[in-house]
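Visitor: I'd like a quick tour of the ligand surroundings here. Can we go through them one at a time?

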Amino acid sequence: MIPRNKPRNQTRTYFTNPLTLLDKLHLSTEQVNFSKQACDDFHFKVPQAYADKIRIGDKDDPLLKQILPIINETHAQVGFSDDPLEEAKSLSQPGLLRKYHARALLLVTPSCAINCRYCFRRHYPYEDKGHLGEQIKKNLQLIARDSSISEIILSGGDPLSLSNSKLAELFTLIAAIPHIKRLRIHTRFPIVEPTRINPKFIKLISNTHLQIIMVLHINHAQELGLDNQASIAKLHQQGITLFNQSVLLKGVNDNVDTLVELSEQLIQYQIIPYYLHTLDKVRGSQHFCVSETEIETIYQALRNTLPGYLLPRLVTELPGEKSKIPFVSKVGK
Ligand SMILES: *Cc1c(COP(=O)(O)O)cnc(C)c1O
Ligand code: SF4
């Protein structure tokens, strides 16, 4: 049985002022090393549903760490840059990324449900306007002329930031391209703001003949609650296949027990653990970096603990590569 969701028709609410959230959590700015400068550099945005899962009074809460602008972000660090994956080079035109074989990645919106401090696109020059209406249409025309592309990946930002009517328009345009077999949506909404999976959205999905795959982004089992169970069940009812990718983050999920619990929890929700990413070295994220030796130790233990189907693939994304590549430590050996 799926438990009933909380009240219907509730409007979505976000924390955009970190001090308000800290107040709710009974934490002071000093306790958590809060930095206004970091906050100015990459804005603070946290939906209520996610905030409700942060433990009161715990400055080390793994969900809090993912969204809190702290002083360490403002310390410069060698090797960390604004565009670590050199995506600017892979953009065949604004908003269209053609680095993967047979897959085209469309950046459809700059906005997200939540702003994650480790995001590799935190300094992305969205002013390029690749996400604006006309450009998306142009990009789709380009995809329509290239029959080697069989999958479209919607990314951003978070594609579910678009309204249902915008998405409906987009789905129709995509469904009209005969060589597109699958539509993949990378989103955090079903987890951090589950009310987004509303009846209109479900209707939209049930109306398209496109096969839809969703890749969620969950880093810690604590992000999953009863509200998510309900929204995820609705997606499953529509035949959507759900995968999860996580980022290995210091202070959030850099230990075996946490990652085992995450995989166990995911499969309970019928979400398949897909990728475990090493951190993309984006400026401001250095405090999340796990050392290569530690990564190896953690993953080896994870491999020894989990059944194969619950073991996410440990990958690193390197600029210019045609795919993610299995993580290989450069330490020792
Ligand atoms: C890795 C990645 C892709 C391509 O992923 P595959 O699953 O390897 O095809 C697309 N979009 C985003 C956002 C990714 O991180
Ligand atoms: S793109 Fe993904 S990781 Fe980056 S801020 Fe948005 S939701 Fe978070």
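Guide: Sure, starting with ligand 2: its shell splits into 4 nonpolar, 1 polar and 1 charged residue. Here Ala, Val, Leu, Ile, Met, Phe, Trp, Tyr, Cys and Pro count as nonpolar, Asp, Glu, Lys and Arg as charged, and the others, Gly among them, as polar. This is a predicted model, where local features need pLDDT of at least 70, side-chain atom pairs need 80 or more, and totals for chains, interfaces and linings use all residues. Residues are numbered from 1 along each chain as written, chains are lettered from A and ligands numbered from 1 in written order, and side-chain values use heavy atoms, without hydrogens and water.

Visitor: Which residues surround ligand 2?

Guide: A residue is near a molecule if one of its heavy atoms lies within 4 Å of it. Going by that, the names are Cys112, Ile114, Cys116, Cys119, Arg188 and His217.

Visitor: How far is an oxygen atom of ligand 1 from an N or O atom in the side chain of arginine 103?

Guide: Polar contacts here are pairs of N or O atoms within 3.5 Å. For lysine 324, a side-chain N or O atom is 2.9 Å from a ligand 1 oxygen, and for tyrosine 275 the value is 2.7 Å. For arginine 103, it's 2.4 Å.

Visitor: And how much of ligand 1 does the protein bury?

Guide: Accessible areas use the Shrake-Rupley method with a 1.4 Å probe. Ligand 1 alone exposes 370 Å², and the buried part of that is 92%.

Visitor: By class, how many charged residues are in the shell around ligand 1?

Guide: That shell includes Arg103, Arg184 and Lys324. Next to 5 nonpolar and 3 polar residues, the charged ones number 3.

Technical notes. A polar contact is a pair of N or O atoms within 3.5 Å; within protein, one must be able to donate a hydrogen and the other to accept it, and residues adjacent in sequence count only if both atoms are side-chain atoms.
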